[in-house]
Every structure is written in structure tokens, then in C-alpha cells.
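Please open the model in your viewer and keep the selection tool at hand. We will go from stop to stop, picking a few residues each time.

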Amino acid sequence: MDAPLSAGNARVKEARKLSRRSVRTERRLFLADGPKAVEGALEQPDRVLEVFVTAAAAEQHAELLAPAPRVTVVEDRALAGLSDSVTPAGLVAVCRFLDVPLDRALAELPDGPRLVTICLDVRDPGNAGTVIRTSDAAGADLVVLAGHSVDAYNPKTVRATVGSLFHLPVVVAPDLDEVLATLQAAGLTVLAADGGGTDDLFTTDLSGPTAWLFGNEAHGLPDEVAALADRRVSIPIHGRAESLNLATAAAVCLYASAAAQRPSA
């Protein structure tokens, strides 16, 4: 660990610039804030350039920090300025970008893709992060952020994934048409999660390789986009609620697929 706090504090000031998307994009670096995010990042230590910690966090998380290539102790005030959490946990990692091209992500799946999540124009970082976390929990092979979706490396997105950002491939792909064509060519059936869909989620055969397409939080999927899917699937609403929010709908759909694909689990 670096001895002089002043040197570490100076590097914190430089790292703080990564709160701006333009700087993140230019440097292809981002911040992972909190124990779960740092732990996920350090599962492959070459992803991490440096971890900034307070003295208390360095002692508390000594085992977690052992694989880090560089750990720098800084003053509590400096660390708080680096974190956008209401109650900073005392450790923030500077990480390399993780996203990979879709072709590469598919090629690295030895048994081919079985379950893929596509988010189109998802704008809320908390929603995007929660969908990534849910995809990880459901056993999805990868997540695609398509169209004009929120930055995967927005601090709120990273925090909402609770480390899952580091557990499965994330693809950033503005061209949805290309994404769908590539996934269909790889043998996946594309299902649009669509409140107006004619296929009922619970009577649809979900046992085959599936890519779920989820739309914007406020507007869902435009008709012309939903029409690109192989099927338009709705979640039945049995009560008086108008609809489910994006994160809940994604959880229901992904777990329905996971249950169909793992009947003995």
C-alpha cells in the first residue's frame, strides 16, 4: 500500500473525473464502488488498476483486497468525494471497461447461448443495473444494452448490479436490427416482452434457446420493434394493476425461461 496519503489523495482527484461519461469513454475506465462491486472486479484482478480505501476499510476488507494489483489508503474525506453513495463503504476500484462485441461474447460460450437479455433504450441506471443483476441470478449468458440505453458504467448502474456486472458478458450495441439478426442466426428465438402480446408467458414454450427483448421503462417497445421479434409475449395481469415495471417484468420472464430450461433444478 502507498504510504503518503497526499499522493493517494492526488490520484483520487484524477479518478474522480471518471464520474463524467466523456472521460470514462475516452479512458475506457470506470469506478466500482463498495465491497460487492470491488469483490466482483477482483475475481479477475487484471480488470482493476487500483483500489482506493480508507484505513478502516483496508483493515476490515484485508482478505477481499488481497488480489488487488494496487491498494491505496486515502483520507475518508477523499474517498467520500470519489463515491456517490449516500453512505460510502470506504473502498472504490478503478476498473477497465468490460463490454465485448456480440460476436465475441457468443463465440466464448462453449455450448452456445441459451438465455440472453436485450435492453432497448433503457434509460434509468437503477433499472439497467437491476436487470443485469437479475439476468445474472437467472443464469443468463449475456446482456445486451441496445439502442440508446444508459451507460453501463454509470456509477448508479454499476452499484445497482451489486457485482453482477463482473459476472457475465455485457454487450453495448446501438444497432438493434444487427443484434436480433445475429442472435437469431445463433439459434435463439427472440421474444418481445410486450403488454399487448397475444402469447401468454405461462403457456409459451420457453424450453429452447431464448433472447428476451425488453423496452424503455416509460414507453415499452414500439410496435415496429416488437414486430421484429419471433413472438410477442405478455405477462398476464390478474389484478387491477395496469402493468409491471421493467425490472419486475424482466425478473418474471427470465425466471420463467430459467425454469423451463432447467426442469430438474
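## Stop 1: a charged patch

Begin by selecting D177, which sits in helix α10, residues 176-185. Helices here are DSSP runs of H or I with at least four residues, strands are E runs of at least two, and both are numbered from the N terminus. Before going further, note that this is a predicted model, in which local features need pLDDT of at least 70, side-chain atom pairs count only at pLDDT 80 or more, and totals for chains, interfaces and linings use all residues. Residues are numbered from 1 along each chain as its sequence is written, and side-chain values use heavy atoms, with hydrogens and water left out.

Now add D103, D175 and E178 to D177: together these four form a negative surface patch. A patch takes residues with over 30% relative accessible area and no salt bridge, joining like charges within 9 Å and nonpolar side chains (Val, Leu, Ile, Met, Phe, Trp, Tyr) within 5 Å. Asp and Glu count as negative and Lys and Arg as positive, while His and the chain ends are not counted. Each charge is placed at CG of Asp, CD of Glu, NZ of Lys or CZ of Arg. Accessible areas come from the Shrake-Rupley method with a 1.4 Å probe, and for residues only the protein chains shown count as cover.

Keep E178 selected and add A10. Their C-alpha atoms are 44 Å apart, with the two positions 168 residues apart along the chain.

## Stop 2: helix α1 and strand β2

A10 belongs to helix α1, residues 5-16. Its relative accessibility is 44%, so A10 counts as partly exposed; the classes are buried for under 20%, exposed for over 50%, and partly exposed in between (1.4 Å probe, protein chains only).

Next, select R11 and E50. Their side chains meet in a salt bridge, 2.8 Å from N to O, the rule being a side-chain nitrogen of Lys or Arg within 4 Å of a carboxyl oxygen of Asp or Glu. R11 is in helix α1 and E50 in strand β2, so the pair ties together parts that are 39 residues apart in sequence. R11 is partly exposed at 22%, whereas E50 is buried at 8%.

Which elements pair with β2? Extend the selection to strand β4, residues 91-96, which runs antiparallel to β2 and is joined to it by five bridges. Two strands pair if DSSP finds at least two bridges between them. Within β4, V94 is the bridge partner of E50. Then show strand β3 (residues 71-73), whose parallel pairing with β2 has three bridges; there T72 partners F52. Five of the six residues of β2 (48-53) are buried, so this strand is largely enclosed by the rest of the structure.

## Stop 3: the open sheet

Colour the strands in the order β7-β6-β5-β10-β8-β11-β9: these seven form an open sheet with parallel pairing. The edges are β7 (170-173) and β9 (199-200), each pairing on one side only.

Zoom in on the β9 edge. Two bridges pair β9 in the parallel sense with strand β11, residues 231-234, and D199 has V233 as its bridge partner in β11. What does the side chain of D199 meet in a salt bridge? Select R231: the N to O distance is 2.7 Å. This pair links strands β9 and β11 across 32 residues of chain. D199 is buried at 19% relative accessible area, while R231 is partly exposed at 34%.

## Stop 4: loops with a positive phi

Most residues other than glycine have a negative phi. Two places to check come next.

- Select R28, in the loop between α2 (21-27) and β1 (29-33). Its phi is near 55°, a positive value in a non-glycine residue, and R28 is partly exposed at 42%.
- Select V162, in the loop between α9 (155-161) and β7. Here phi is near 50°, again positive in a residue other than glycine, and V162 is partly exposed at 33%.

## Last stop: D84 and R159

Finally, pick D84 and R159, whose side chains form a salt bridge at 2.5 Å, N to O. D84 lies in the loop between α6 (76-82) and β4, R159 lies in helix α9, and the two are 75 residues apart. Both are partly exposed, D84 at 34% and R159 at 32%.
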